[in-house]
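Student: Could we take a close look at one part of this protein together? I would like to understand its nonpolar interior.

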Amino acid sequence: MSPIKVSKGIKAFTTIAAGLMLSTSLAQAADQVSLRLNTILNGWHCPWHMARDKGWFKEAGIEIKEIGEGRGSADTAQLVAAGTDTFGLVDPAVVIAGVARGLPVKSVYSLINKSLLAVVSPADKPIKTAADLKGKQYVTLAGSGALQMFQAVLAANKMKPEDVKILTVDPAAQYATLMSGQVDAILIGLDGVPDLEARGFKYHAVTYPELGVNTISSSVATKSDLIESNPDLVKRFIAVTQRAWDHAIKNPDDVVKACLAVKPTSSEAAFRKQLTDVIGALRSENNKDKPLGFGAEKDWQMTLQVQKDYRGIKTDKPLTAFYTNEFVPQ
């Protein structure tokens, strides 16, 4: 029996059909995810927008449904734990507090490993060292992380709370209180400094790590169940995250461009300043030789200890309950 001859037309049709089936299969295989930011859009939030625009998530078989603004790390952690959002940018202190009370979340990428909290003073009367802190008056927000962490800064430098004066005000009044000369300095995150610069304020900033206390400032967190049920998705999302940040360090203009595509009327200078400050804080002294996103045990231990000592967190859970490095590309 002679072999059946297949015409060129049938071969071409078969090839096209196979291609369509493969394309359909790949499209169907894409995992849909969302990312919830910790606050309104900031310059350091935009590497994920850039990665989406460049098609890097699509290459990884991921469809980004939304990169949504947040209302604080605590709210973002709740949304992630509830499954409303797949991933979220969450302060590790919030992760620790949440896990301690049973919230099913975990940090899978330690993003900002050097604290951005700082003592910001007028440039003509700068507070430069720990020795300059004593006897000064500071303004900050009641219940802010900057205030709570400042207690750790004082303790690390063998000072008592009564060695300084703290004035707490509403958010709308904090910059005016500093600029009017009512206090010697303000306790804020460096991402708030562009607001002072926009008001023409000349300042000097000394960060909490420079004063002896470092805690991790931000991480990518996800629901614990997802780590168990679909670790491959977590691995792919984190791989794109690391690719985006590696590109951001070398090409910050691409990130600023992505920011302005989302919010065209916002300040390009502010986006650039916020991004630059965070790039400088991606690594601490304890993970400087590790890949981006690698959480150092020493940094997580200090972050946990500060929560216990100054925020009343009670937990005997091990560090592995709060974070993992297993998805960080080595």
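Tutor: Happily; here is a walk through the nonpolar interior, with some background on the whole chain and a stop at the aromatic rings.

Please keep in mind that this is a predicted model. To get our bearings, the protein has 330 residues, and 47% of them count as buried. Its chain forms 13 helices and 10 strands, and the C-alpha trace spans about 100 × 45 × 35 Å along its principal axes. If you take the contacts between residues at least 6 apart in sequence, 79% of them join residues at least 24 apart.

Now to the part you asked about. The largest nonpolar core has 57 residues, and the members that touch the most others are W48, V220, F237 and W245. Helix α10, which runs over residues 231–250, gives the most to this core, with eight residues.

Let's zoom in on F237. Leaving out residues up to four places away in sequence, F237 touches V33, L35, W48, F57, I62, I64, F87 and V220. Notice that W48 and V220 turn up again here: they are F237's contacts and are also among the core members that touch the most others. Two more names on the contact list, F57 and F87, join F237 in another way, as ring pairs link F57, F87 and F237 into a cluster.

This core has a companion. A second, separate core holds 21 residues, including A130, L133, L154 and A185.

Since we have met some rings, let's follow them a little further. Across the whole structure, a search finds six aromatic pairs. One of them is formed by W300 and Y323, whose rings are stacked, with 4.5 Å centre to centre and 0 degrees between the planes. W300 belongs to helix α13 (residues 297–310), while Y323 sits in the segment after α13, so this pair links parts of the chain that are 23 residues apart.

Are these two residues buried or exposed? The cut-off for buried is under 20% relative accessible area. W300 counts as buried because its relative accessibility is 0%, and Y323 is buried too because its relative accessible area is 11%.

Finally, step back to the outside. The accessible surface of the protein comes to about 16,200 Å², and 53% of this surface belongs to carbon and sulfur atoms. The protein also carries 38 positive and 34 negative charges, and the mean positions of the two groups are 4 Å apart.

Definitions and conventions: Residues numbered from 1 in each chain as written. Predicted model: local features only at pLDDT ≥ 70, side-chain atom pairs only at ≥ 80, totals over all residues. Heavy atoms only, no water. Core = buried A, V, L, I, M, F, W, Y, C linked by side-chain atoms within 4.5 Å. Buried < 20%, exposed > 50% of the residue type's maximum accessible area, 1.4 Å probe, protein only. Helix = DSSP H or I, 4+ residues; strand = E, 2+ residues; numbered from the N terminus. Contact = heavy atoms within 4.5 Å. Areas by Shrake-Rupley, 256 points an atom, 1.4 Å probe, with all protein chains shown as cover. Lys, Arg positive; Asp, Glu negative; His and termini not counted. Charge placed at Lys NZ, Arg CZ, Asp CG, Glu CD. Phe/Tyr/Trp six-rings, centres within 6.5 Å; stacked < 30°, edge-to-face > 60°.
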